[in-house]
Structures are given as structure tokens and as C-alpha cells.
Amino acid sequence: VQLQASGGGLAQAGGSLRLSCAASGNIFKINDMGWYRQAPGKVRELVALMPTRGSINYADSVKGRFTISRDNAKHTLYLQMNNLKPDDTAVYYCNADVQVTANYEYNYWGQGTLVTVSS
């Protein structure tokens with residue numbers, strides 16, 4: 001299974017970007033999916049988590065600005081990022097719990113996509 005993230009780039013403060021993460025390979029079912037980010041010199045942190053059941057969870061710092069969504073038919077996760085701030089600058093990673101069979105589930109990470117926000 002591979003997760004391919006895309007959509008990163010350079011944006012000005014107040015601007016918008018949309019990230020995508022497409023899963024491919026031996027997929028029986030995808031369960032929880034989420035976005036994480038890691039800024040230079042900082043630990044990786046959760047940005048948004050979209051479980052198959054339950055409420056979506058956002059980091060306080062992105063609430064009201066970022067929206068996570070998914071297209072299960074396309075095995076794709078999205079992150080719409082609006083009103084970007086310089087503090088949003090980081091490498092963004094997608095993460096997914098993927099069942100490769102009915103009985104086996106593994107956790108996968110995408111390769112990361114860099115988001116740079118200029119002031």
C-alpha cells in the first residue's frame with residue numbers, strides 16, 4: 001500500500017491550498033485517515049483526523065481554517081487549508097489505517113508534501 005500526497009507549495013498569508021492523499025495498492029478497506037505536520041525543529045503533530053466512525057478532530061490551531069474530507073470510492077483524503085498563516089509552514093503527512101484483508105490492518109504514512117506560507 002502506498003499513500004501519495006500532493007498539493008503542497010508556496011502560499012501567501014491569508015491564501016489557500018488544497019492537499020490530496022491518494023492510497024493505492026492492496027486495499028480491502030481504509031479506516032481512520034488523518035493529516036499530520038512537522039515544522040522545522042519541531043515534533044510531528046496531528047492536524048486533522050477523520051475516523052470512519054465518530055467525530056472529526058482538528059488541532060486547535062487550525063480549527064475554523066482547515067477542513068478535512070475524504071472520497072472513499074477514490075481512496076483519497078483531502079485537506080482544504082484556508083487563511084493560511086506563516087506558522088502553518090511544515091511538511092504535511094497523510095496517515096491511514098488500511099485493512100489489506102478482512103483480518104489484517106496496518107498503519108501507513110505518505111511521503112510528505114511541503115507547505116510554505118510567506119508573510
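Here is a short chat about a predicted model, covering its core, its strands, its disulfide and one glutamine.

Me: What should I know about the numbering and the values?
Reply: Residues count from 1 along each chain as its sequence is written, and side-chain values use heavy atoms, leaving out hydrogens and water. Because the model is predicted, local features need pLDDT of at least 70 and side-chain atom pairs count only at pLDDT 80 or more, while totals for chains, interfaces and linings use all residues.

Me: Which strand gives the most to the largest nonpolar core?
Reply: A nonpolar core is a set of buried Ala, Val, Leu, Ile, Met, Phe, Trp, Tyr and Cys residues joined through side-chain atoms within 4.5 Å. Buried means under 20% relative accessible area, with exposed over 50% and partly exposed in between (1.4 Å probe, protein chains only). The largest core here has 31 residues, and Trp-35, Phe-66 and Tyr-92 are among those with the most contacts inside it. Strands are DSSP runs of E, at least two residues long and numbered from the N terminus, and the one giving the most to this core, with five residues, is S9.

Me: Which residue in S9 stands opposite Trp-35?
Reply: Two strands pair if DSSP finds at least two bridges between them. S4 and S9 pair in the antiparallel sense over eight bridges. In S9, the residue opposite Trp-35 is Cys-94.

Me: Which residue in the turn between S4 and S5 has a positive phi?
Reply: Five bridges join these antiparallel strands, S4 and S5, and one of the pairs is Arg-37 with Glu-45. The two strands form a hairpin with six residues between them, and the turn residue with a positive phi, about 75°, is Gly-41.

Me: How many residues apart in sequence are the parts tied together by Cys-21 and Cys-94?
Reply: A disulfide is a pair of cysteine sulfur atoms within 2.5 Å, and Cys-21 and Cys-94 fit with S to S at 2.1 Å. Cys-21 lies in S3 and Cys-94 in S9, so the parts tied together are apart by 73 residues.

Me: Is the disulfide of Cys-21 and Cys-94 left-handed or right-handed?
Reply: Cys-21 is buried at 0% relative accessibility, and Cys-94 is buried at 0% as well. The torsion about their S-S bond is about 60°, so the disulfide is right-handed.

Me: At what distance does the side chain of Gln-99 reach the backbone oxygen of Ala-102?
Reply: Gln-99 is found in S9 and counts as buried, at 13% relative accessibility. Its side chain reaches the backbone oxygen of Thr-101 at 3.4 Å. For the backbone oxygen of Ala-102, the distance is 3.2 Å.

Technical notes
Helices (H or I, at least four residues) and strands (E, at least two) are DSSP runs, numbered from the N terminus. A polar contact is a pair of N or O atoms within 3.5 Å; within protein, one must be able to donate a hydrogen and the other to accept it, and residues adjacent in sequence count only if both atoms are side-chain atoms.
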